[in-house]
Each structure stands twice: as structure tokens, then as C-alpha cells.
Amino acid sequence: MATGCFISTGRSLEEAVERVKLAESLGYEAVYTTHVAGRESLTVLTVYALATSRIRVGTGVVPIYTRTPATMAQTAATIDEISHGRLTLGLGVSHRPVVEGWHGQTIDRPVAEMREYASIVRAILHGEPPPSGEKWRTGFQLLGVPQCPELPVYIAALSPAMLRLAGEIADGVVLWLCTPRYIADVVIPEVSEGRRRAGRTLEGFDVVAAVPAAATEERDAAWAAMRKDLIPYFGLPFYRAMIERTGFGADIAAYDAAAGDLEAMQAAISDGFLEELTAVGSEADVRAGIARYSAAGAPSPCVGPIPRTDFERTLRAAAPG
């Protein structure tokens with residue numbers, strides 16, 4: 001098991017860098033950062049790479065519609081060189097409110113567009129002619145920058161179709177809000193089918209599963225904070241479908257019935273869902289929660305913070321070994 005962590009910058013880039021240094025000193029294998037409306041993720045990874053020497057740095061994940069495949073490959077190759085080969089490039093489709101509302105782009109055929117985009121990026125990183133696509137066309141080639149044939153490309157996936165694509169063309173998959181049950185029942189079988197289509201086995205394929213975690217004596221307070229954080233996700237189609245497949249359709253129905261009542265929407269997210277999803281409590285509880293993800297088939301569980309809890313304490317509680 002190669003435990004990683006998610007460290008985004010929050011309000012302070014300086015504090016985030018210190019947390020990354022702490023994670024490296026504690027033996028974490030990798031640190032990932034999300035890509036939202038704050039500091040730009042690939043730039044942040046450059047800072048993380050310059051502040052460390054061993055820990056892998058990765059996007060968890062950057063939406064493909066935020067830049068062209070040529071720009072993505074060029075940026076990734078640069079960071080990989082700066083970090084001496086420590087970059088993991090995590091790519092995702094994101095969601096229509098982000099892609100359309102923030103970036104003025106459109107998600108038309110998410111699986112086909114991810115296949116096209118990732119194939120172009122990988123070809124450029126490998127020094128090969130990029131394939132011609134329908135949404136993206138480029139003749140770009142890297143010049144004066146080392147090619148990166150070993151740079152791993154991961155795909156964020158929730159749906160069976162995207163999971164199969166990740167297994168077929170990527171080096172790993174990045175998961176968010178996927179419980180151990182969903183990983184065992186849906187993720188591993190679908191990824192395995194993708195690998196089979198490519199003539200490969202699961203050997204060497206990575207599954208990065210985000211584990212919301214908190215070492216705390218106040219479990220109910222941590223869960224209350226988690227419920228507030230989950231409100232937007234319960235309204236997004238990709239996540240709703242995944243949560244229903246996990247067996248928590250009743251949570252979705254209660255959320256919908258709340259119809260804008262924020263407290264009722266939060267209450268709709270059941271203790272059962274949070275019990276499966278999170279690793280909260282004593283050090284032993286946190287470690288047991290992480291182990292559930294590993295046992296479900298995720299070789300790289302990655303602890304992430306729960307708001308208003310002590311994440312540095314959690315990092316120490318969940319540290320490898």
C-alpha cells in the first residue's frame with residue numbers, strides 16, 4: 001500500500017508547502033492537489049516540487065477543457081523536468097458548471113473527448129506524432145525539453161464507461177467520493193475490463209482513492225463539516241449517478257425532497273454514507289478506514305482533509321508504516 005495525501009493551498013500557499021514537507025518527512029508516497037477556483041494546480045505543483053526531493057507530486061485532477069492538449073503536455077514535461085521525474089498527471093472531465101460557466105467550453109461526449117485528449121497528451125510526451133482528433137487537432141512536438149515516456153497519466157473516473165477507458169489507456173485512475181464498496185463492486189471490475197481490452201492485467205495499474213479523514217475525538221462535528229462540503233456534489237449528475245450505484249439512492253431522494261432547505265439537504269446525507277466514505281476518529285480508526293480502501297482494491301489510498309479538523313494531526317495518524 002502506497003499511502004498518499006491531498007494538500008491544496010487553502011488560504012495560505014506557505015502553510016500548504018509546510019504540510020507537503022511534513023508529508024514527505026512522514027513517508028507519504030505522493031501528494032496531490034485539486035484544481036478549483038483558487039491557485040492554479042500545475043503552478044502549485046511546481047512550488048511543491050521545488051520544496052521537496054522525494055515525494056511524488058500530482059494533479060488530482062486538472063480539467064482537460066482548461067487548456068489545449070499541447071499546452072497540457074508542455075506544462076507537464078516542464079514540471080516533470082523540474083521535479084526530476086516525480087510528476088503524475090491526473091486528468092479529468094470536471095462538470096458543466098465549471099467547464100461552461102468558468103471556461104466557456106462544452107462537454108459534448110466526455111468519454112470520447114477524454115480518450116482523444118489523453119491520447120494526444122501521451123503522444124506528445126512520448127515524442128510521437130499526435131493523433132488527429134475531432135475536438136482537438138495539433139501538430140505540436142516538444143523541442144528542447146526531455147521527452148517523458150515514463151510520465152504516468154491518470155484519469156479521474158466515476159461512471160463505468162470512464163472507468164473502462166481509464167483501464168484501457170491510462171496508468172491509473174483517480175477517485176473522489178467512491179466508497180470501498182463502490183471500488184470493489186464497480187471500479188475494479190470496470191477498470192479490469194478496460195485493461196482486458198488493451199491486452200493487459202491490473203498489474204502496475206494504480207487506483208488513487210481519496211479518503212476524507214480526521215483524527216479527532218469529535219466525530220459528529222467532523223461529519224457535520226463533511227455534510228456541508230458534500231452539498232454541491234449531491235447536485236452534480238456524475239456524482240449523483242455514482243452515489244445511487246453505491247446503494248445510497250435514498251440519500252439522493254431525501255436531498256431532492258429537501259428542495260433548497262440547506263439544513264435538510266445536509267441531514268439527507270446519511271450516517272451510513274459517511275461511515276463508509278470517511279476515516280474519522282482515533283488513530284486506530286483513521287488507519288482502519290484507510291485499510292478498508294486498500295482491501296477494496298485501491299493500492300494508493302490518499303487521505304484528504306475534513307474542514308475544521310486538524311489535518312496535520314491526521315497526516316501523522318495516517319502516516320505509512
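The following legends describe close-up views of a predicted model of a protein chain.

**Figure 1. Overall fold of the protein chain, with 14 helices and 10 strands.** The C-alpha trace extends over about 55 × 40 × 40 Å along its principal axes. The radius of gyration is 19 Å, which agrees with the value near 20 Å that a compact globule of 321 residues would have. Of the 321 residues, 53% are buried. When contacts between residues at least 6 apart in sequence are considered, 72% of them join residues at least 24 apart.

**Figure 2. Surface and charge of the protein chain, whose accessible surface comes to about 13700 Å².** Carbon and sulfur atoms account for 51% of this accessible surface. The chain carries 30 positive and 38 negative side chains. The centre of the positive set and the centre of the negative set lie 3 Å apart. Across the whole structure, 18 salt bridges are found, and selected examples are shown in the views that follow.

**Figure 3. Salt bridge between R196 and E193 in helix α7.** The closest N and O atoms of the two side chains are 2.7 Å apart. Helix α7 covers residues 180-197 and holds both partners. R196 and E193 are 3 residues apart, about one turn of the helix. R196 has a relative accessibility of 54% and therefore counts as exposed, the cut-off being over 50%. E193, in contrast, has a relative accessible area of 23% and is partly exposed.

**Figure 4. Salt bridge between the side chains of D220 and R219.** The N to O distance in this pair is 3.6 Å. D220 counts as exposed because its relative accessibility is 54%. R219 has a relative accessibility of 36%, so this residue counts as partly exposed.

**Figure 5. Salt bridge between E283 and R287 in helix α13, and a salt-bridge network.** In the pair formed by E283 and R287, the closest N and O atoms lie 3.5 Å apart. Both residues belong to helix α13, which runs over residues 283-296. Their separation of 4 residues corresponds to about one turn of the helix. E283 is partly exposed at 46% relative accessibility, and R287 is likewise partly exposed, with a relative accessible area of 34%. The network in this figure consists of D108, E113 and K135, joined by salt bridges that share partners.

**Figure 6. Cis peptide bond from G60 to V61.** Most residues other than glycine have a negative phi, and most peptide bonds are trans. The bond from G60 to V61 is cis, with an omega near 5°. V61 is located in the loop between β3 and β4. Strand β3 comprises residues 56-59, and strand β4 comprises residues 62-63.

**Figure 7. Positive phi at A259, in the loop between α10 and α11.** The phi angle of A259 is about 50°, although this residue is not a glycine. The loop that holds A259 connects α10 (249-258) with α11 (262-267). With a relative accessible area of 65%, A259 is exposed.

**Figure 8. Positive phi at R308, in the loop between β10 and α14.** R308 is not a glycine, yet its phi is positive, at about 60°. On one side of the loop lies β10 (300-305), and on the other lies α14 (311-318). R308 counts as exposed because its relative accessibility is 68%.

**Figure 9. Surroundings of G85, in the loop between α3 and β5.** Helix α3 spans residues 69-82, and strand β5 spans residues 87-92. G85 has a relative accessibility of 36% and so counts as partly exposed. G85 and L151 are 66 residues apart in sequence, while their C-alpha atoms lie 7.2 Å apart in space. Leaving aside residues up to four places away in sequence, G85 touches R56 and D80.

Terms used. Residues are numbered from 1 along each chain as its sequence is written. This is a predicted model: local features need pLDDT of at least 70, side-chain atom pairs count only at pLDDT 80 or more; totals for chains, interfaces and linings use all residues. Side-chain values use heavy atoms; hydrogens and water are left out. Helices (H or I, at least four residues) and strands (E, at least two) are DSSP runs, numbered from the N terminus. The radius of gyration is taken over C-alpha atoms; the globule rule is 2.2 Å times the number of residues to the power 0.38. Buried means under 20% relative accessible area, exposed over 50%, partly exposed in between (1.4 Å probe, protein chains only). Contact means heavy atoms within 4.5 Å. Accessible areas come from the Shrake-Rupley method with a 1.4 Å probe; for residues, only the protein chains shown count as cover. Lys and Arg count as positive and Asp and Glu as negative; His and the chain ends are not counted. The place of a charge is taken as NZ of Lys, CZ of Arg, CG of Asp or CD of Glu. A salt bridge is a side-chain nitrogen of Lys or Arg within 4 Å of a carboxyl oxygen of Asp or Glu.
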